[in-house]
Amino acid sequence: MGKETGTTISEEYQVTDILGRGGFSVVRRGLRKSKGGNVTPVAIKTLKRISPPSMAQSSIRNLPIWKQQVSVSDALLTNEILVMRRIVEDVSPHPNVIYLYDVCEDTSGVHLILELCSGGELFDRIVSQKKYSEGEAAAVVRQIALHRANIVHRDLKPENCLFLSQSKDSPLKIMDFGLSSVEEFTDPVVGLFGSIDYVSPEALSQGRISCRSDMWSLGVILYILLSGYVHGFVL
């Protein structure tokens, strides 16, 4: 995995169309340039810094809530990089986690250079397939359970699971680790939690978050896969 550099994103990558937007970021398709003329397709997740990079996270947490809001994007970004680096170091790399190639920072923000997943979201396949068999559902759940690496994602949902390709047997890749934690390693953004339809009771009450919180989310996903119900609607 690459290291942070002072290189501007346009020097090494050709940035093209927008693939998606999040609350604090935008993801674009890109091509990695090489001296030999070859290009590698990548996804570039850009998060614009709001607070000064030197502001310590301990200082952020001591600010009033209304002042903390301007620093949330920095906290999510820092946490996401820490978690993904731990994944690569421990599992080298994890077969079901979107791979982080490099990190670049310039005047427009911080850019995570990620593996490009062109197969679409798990959510879209659920909608198109309507229901999964028990075997198919088990295969999905098996790929998005990260606990053997002591990772607590805290925002597991079908929209955060991407297929690497359009193939029916394509592997699933989990993304968006801004709210995640690695047990006994990172200090997650504890005041935030994932999507309300998948979040565990202890996350809602801001209690202790553990692997059990992700198991709740996995249970919701499994129910959707087997029943064909999404957010109260029959597919």
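These legends go with several close-up views of one predicted protein model.

A few ground rules: this is a predicted model, in which local features need pLDDT of at least 70 and side-chain atom pairs count only at pLDDT 80 or more, while totals for chains, interfaces and linings use all residues. Residues are numbered from 1 along each chain as its sequence is written, and side-chain values use heavy atoms, with hydrogens and water left out.

**View 1. The whole chain, with its eight helices and twelve strands.** Helices (H or I, at least four residues) and strands (E, at least two) are DSSP runs, numbered from the N terminus. Out of 235 residues, 45% count as buried; buried means under 20% relative accessible area, exposed means over 50%, and partly exposed is in between (1.4 Å probe, protein chains only). Now for contacts, meaning heavy atoms within 4.5 Å. Take those in the chain with a separation of 6 or more: 62% of them come from residues 24 or more positions apart.

**View 2. Helix α6 (residues 134-143), with a buried side and an exposed side.** Ala137, Val140, Val141 and Gln143 are the buried ones here. They sit on the same side of α6 because they cover an arc of only 165 degrees around the axis (the arc is that of the directions from the helix axis to the C-beta atoms). An α-helix has 3.6 residues a turn, so residues three or four places apart point the same way. Flip to the other side of α6 and you find Glu134, Gly135 and Arg142, which are exposed. The cover over the buried residues of α6 includes α5 (122-129), β9 (172-174) and α8 (211-227).

**View 3. Zooming in on Ala137, a residue of helix α6.** Ala137 counts as buried because its relative accessibility is 0%. Who does Ala137 touch, once you leave aside its neighbours within four places in sequence? Its contacts are Tyr132, Leu222, Leu225 and Leu226. Leu225 is 88 residues away from Ala137 in sequence, yet the two are 6.0 Å apart in space, C-alpha to C-alpha.

**View 4. Helix α5 and what it packs against.** Leu122, Arg125 and Ile126 are buried in α5. They cover an arc of only 105 degrees around the axis, so they share the same side of α5. The packing partners of these buried residues are α6, β8 (161-163), β9, α8 and β11 (229-230). Right after α5 comes Lys130, with a positive phi near 75 degrees.

**View 5. Strands β3 (26-33) and β4 (39-47), with β6 (109-115) pairing to β4.** Two strands pair if DSSP finds at least two bridges between them. β3 and β4 run in the antiparallel sense, with eight bridges, and Val26 has Thr46 in β4 as its bridge partner. The two strands form a hairpin with five residues between them, and Gly37 in the turn has a positive phi of about 90 degrees. β4 also pairs with β6, again antiparallel, over six bridges. There, Leu47 stands opposite Val110 in β6.

**View 6. The largest pocket, with a volume of about 790 Å³.** On a 1 Å grid over the protein atoms alone, a pocket is an open set of points with protein on both sides within 12 Å along at least five of seven lines, a cavity is a set where a 1.4 Å probe fits but cannot get out, and lining residues have an atom within 4 Å of a point. Grid points are joined across faces, edges and corners, and a volume is the space filled by probe spheres set on the points. Which of the 33 lining residues are closest to the centre of the largest pocket? They are Arg21, Val27, Asn160, Met175 and Asp176. Elements that each supply at least two lining residues include β2 (13-21), β3 and α4 (72-91). By class, the lining has 15 nonpolar, eight polar and ten charged residues; Ala, Val, Leu, Ile, Met, Phe, Trp, Tyr, Cys and Pro count as nonpolar, Asp, Glu, Lys and Arg as charged, and the others, Gly among them, as polar.

**View 7. The second largest cavity, holding about 40 Å³ of space.** Among the residues lining this cavity are Met84, Pro93, His94 and Tyr99. α4 gives the most to this lining, with three residues. The lining divides into eight nonpolar residues, one polar and no charged.

**View 8. Asp176, in the loop between β9 and β10 (181-182).** Asp176 has a phi near 65 degrees, which is a positive value in a residue other than glycine. Its relative accessible area is 27%, so Asp176 counts as partly exposed.
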